[in-house]
Amino acid sequence: RGAAGPVKVSGTPADCSMLGFNAWEQLFKGPGPDMVVSGINRGKNAGYDCIYSGTVAGAREAAMHFKIPAVALSLDDYSKHADYRAAATLTVPIVASILDSPADFPHGSVINVNFPALPLGDIKGFHIT
């Protein structure tokens, strides 16, 4: 699978979700995605932040309009030199957990994940609740 050719998108995460789905057949070969992963965003998304977050909006757009599970990922660090390595490493098992448990994450689900700004060795694990 993969893009039929180079693809560059400039816009908000919600715009990118919409464009990706609306142009799927022209851009990609094969069936549509199993889920959307939006982020990793700089700064946490909690409480009111989720209403205004572009990262959460990208996931929400996929879930609401295309009825697939979606995850929004954010790192609790606002610095321009934030270290995303631990968050990127932990993204893989989180996405796998969601894909491996479809009954727990029905189509249209949005999962919001906030990673602590810690080295991987200092993170003791994660729970999806």
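This report walks through a predicted model, from one helix and the cores to a few side-chain pairs.

## Helix H5 and its bend

Let us begin with helix H5, which runs over residues 85-100. Its 16 residues reach 24 Å from the first C-alpha to the last, close to the 22 Å expected at 1.5 Å a residue. The helix bends by about 25 degrees at Thr 91. A proline, Pro 93, follows that bend within four residues.

Which residues of H5 are buried? They are Ala 86, Ala 87, Leu 90, Thr 91, Ile 94, Val 95 and Ile 98, and Thr 91 is also the site of the bend. The cover over the buried residues of H5 includes three strands: E1 (36-42), E2 (70-75) and E3 (110-115).

## The nonpolar cores

The largest nonpolar core holds 16 residues, and those touching the most other members are Val 71, Ile 98, Ile 111, Val 113 and Phe 115. E2, H5 and E3 are the elements that each give two or more residues to this core. H5 gives the most, with six residues.

Ile 111 shows how this core is joined up. Beyond its neighbours within four places in sequence, Ile 111 is in contact with Ala 70, Val 71, Ala 72, Ile 98 and Phe 105. A second, separate core has ten residues, among them Cys 50, Val 56, Ile 68 and Ala 72.

## Ala 72 in strand E2

Ala 72 is worth a closer look. Its place is in strand E2, and it counts as buried because its relative accessibility is 0%, against a cut-off of under 20%. Leaving aside residues within four places in sequence, Ala 72 is in contact with Ser 38, Thr 55, Val 56, Ala 59, Ile 111, Asn 112 and Val 113. Of these partners, Val 56 is a member of the second core along with Ala 72, while Ile 111 and Val 113 belong to the largest core.

How far apart are the C-alpha atoms of Ala 72 and Asn 114? They are separated by 8.4 Å, although the two residues are 42 residues apart along the chain.

## A stacked aromatic pair

The whole structure yields one aromatic pair. The ring centres of Phe 21 and Phe 66 are 4.0 Å apart and the ring planes lie at 15 degrees, so the pair is stacked. This pair links distant parts of the chain, with Phe 21 in helix H1 (residues 13-22) and Phe 66 in helix H4 (residues 54-66), 45 residues apart. Phe 21 is buried, at a relative accessible area of 17%, whereas Phe 66 counts as partly exposed at 25% relative accessibility.

Helix H1 is also home to Ser 17. This serine counts as buried, with 9% relative accessibility. Not counting residues up to four places away in sequence, Ser 17 touches Val 36, Gly 58 and Glu 61.

## One salt bridge

Side chains of opposite charge can pair when their charged atoms come close. How many salt bridges does a search of the whole structure find? The search finds one, formed by Asp 83 and Arg 85 with their closest N and O atoms 2.7 Å apart.

Are the two partners buried or exposed? Asp 83 counts as partly exposed, at 40% relative accessibility. Arg 85 counts as exposed, because its 63% relative accessibility is over the 50% cut-off.

Terms used
Residues numbered from 1 in each chain as written. Predicted model: local features only at pLDDT ≥ 70, side-chain atom pairs only at ≥ 80, totals over all residues. Heavy atoms only, no water. Salt bridge = Lys/Arg side-chain N within 4 Å of Asp/Glu carboxyl O. Buried < 20%, exposed > 50% of the residue type's maximum accessible area, 1.4 Å probe, protein only. Expected span 1.5 Å × (residues − 1). Bend = angle between axes of the 7 residues up to and from the residue. Contact = heavy atoms within 4.5 Å. Core = buried A, V, L, I, M, F, W, Y, C linked by side-chain atoms within 4.5 Å. Phe/Tyr/Trp six-rings, centres within 6.5 Å; stacked < 30°, edge-to-face > 60°.
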